[in-house]
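Here's a quick tour of some strands and how they pair up. Have the structure open as you read.

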Amino acid sequence: GAGGDVFLLKTDASGNLQWAKTFGGSGWDYAYSVQQTSDGGYIVAGFTYSFGAGGYDVFLLKTDASGNLQWAKTFGGSDGDAARSVQQTSDGGYIVAGWTWSFGAGSNDVFLLKTDASGNLQWAKTFGGSSGDVASSVQQTSDGGYIVAGYTGAGGIDIFLLKTDASGNLQWAKTFGGSYYDEASSVQQTSDGGYIVAGWTSSFGAGGSDVFLLKTDASGNLQWAKTFGGSSNDHAYSVQHTSDGGYIVAGYTRSFGAGDYDVFLLKTDANGNIGTCAIVASVTPTVNTPSPSVASPIPTV
């Protein structure tokens, strides 16, 4: 398009390009999350200015294994709505998380959407208060519900973690942070039923912003928190549970490496301890349990 388009590319195991596709219209269209689906295709989520109800809208695309478009859907209202994370669910459908300005209680709220395998909306929920709330990561949990991580503007900028049942009804919500800026970018359920959360913090650590790694139990209670970084800014964007029970964290660093921004890859044990890192600190951020307002909008599709 005249603005920008969603870009989807596939490589072989050695990183050689196999195919590349673009999707979009005359405006700006962005992709934030992609996952391979059970049929070998791909699901892509982001937002679009080219299509939808108004402002920008959630953009959900499904392709076959060769990147050919099978269907595309938009979800939203008259203001801005966007997706940051998508995962295929156990029933073959999709769970999508992001933010909405069109629905909810405040300025922008967490937007959680569930579709069937064809992208048809089954339900939508918003979570938030009068300040800005954004979801960065969603995963289906072993009980069929969903864990969502992001950040909330209530009381500054803090990490939030919320758990819903399979129908999107809120079961609990937690915030973690200090007096400055703390944001979550990735969440995964762990083998013990708890959760690992990665992001960054300006409230704790060595300086600037630091990688922030939090472990909770199944009820969202903090078990430990770690920061990793140096005197400049260091951020984490993704965390995964590893086969040895530890964690692998990816992001960027401005404190270490060869230049201004470098890829930052950290491996920890099950307790968040790392073998070699320039600066490692353990923090105990403040924790509270909010009761965010919950609404069920019916966005245009």
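## The S1–S2 hairpin

Leu-8 sits across from Lys-21 of strand S2. This is a predicted model, and that facing pair belongs to a pairing worth a look. Strand S1 covers residues 6–11 and strand S2 covers residues 17–23; the two run antiparallel, with six bridges joining them.

What lies between the strands of this hairpin? There are five residues between S1 and S2, and in this hairpin Gly-15 takes a positive phi, near 85 degrees.

## A three-stranded open sheet

Further along the chain, three strands make up an open sheet, ordered S19-S20-S21, with antiparallel pairing. Strand S19 (234–241) and strand S21 (262–268) are the edge strands: each has a single partner strand, so one side of each has no neighbour in the sheet. From one strand to the next, the twist averages 20 degrees.

As for what holds such strands side by side, strands of a sheet pair through backbone hydrogen bonds, in either a parallel or an antiparallel way. Here, S19 and strand S20 (residues 247–253) run antiparallel and are joined by seven bridges. If you want one pair to click on, try Asp-234, whose bridge partner in S20 is Thr-253.

## How confident is the prediction?

Across the protein chain, pLDDT averages 91, and 90% of the residues score at least 70.

Where is confidence lowest, and where is it highest? The low spot is strand S22 (residues 280–282), with a mean of 52, while strand S7 (residues 81–88) comes out highest, at 98.

Terms used:
Residues numbered from 1 in each chain as written. Predicted model: local features only at pLDDT ≥ 70, side-chain atom pairs only at ≥ 80, totals over all residues. Heavy atoms only, no water. Pairing = 2+ DSSP bridges. Helix = DSSP H or I, 4+ residues; strand = E, 2+ residues; numbered from the N terminus. Axes fitted to C-alpha atoms, helices over the stretch in contact; angles between N-to-C directions. pLDDT = per-residue confidence, 0-100.
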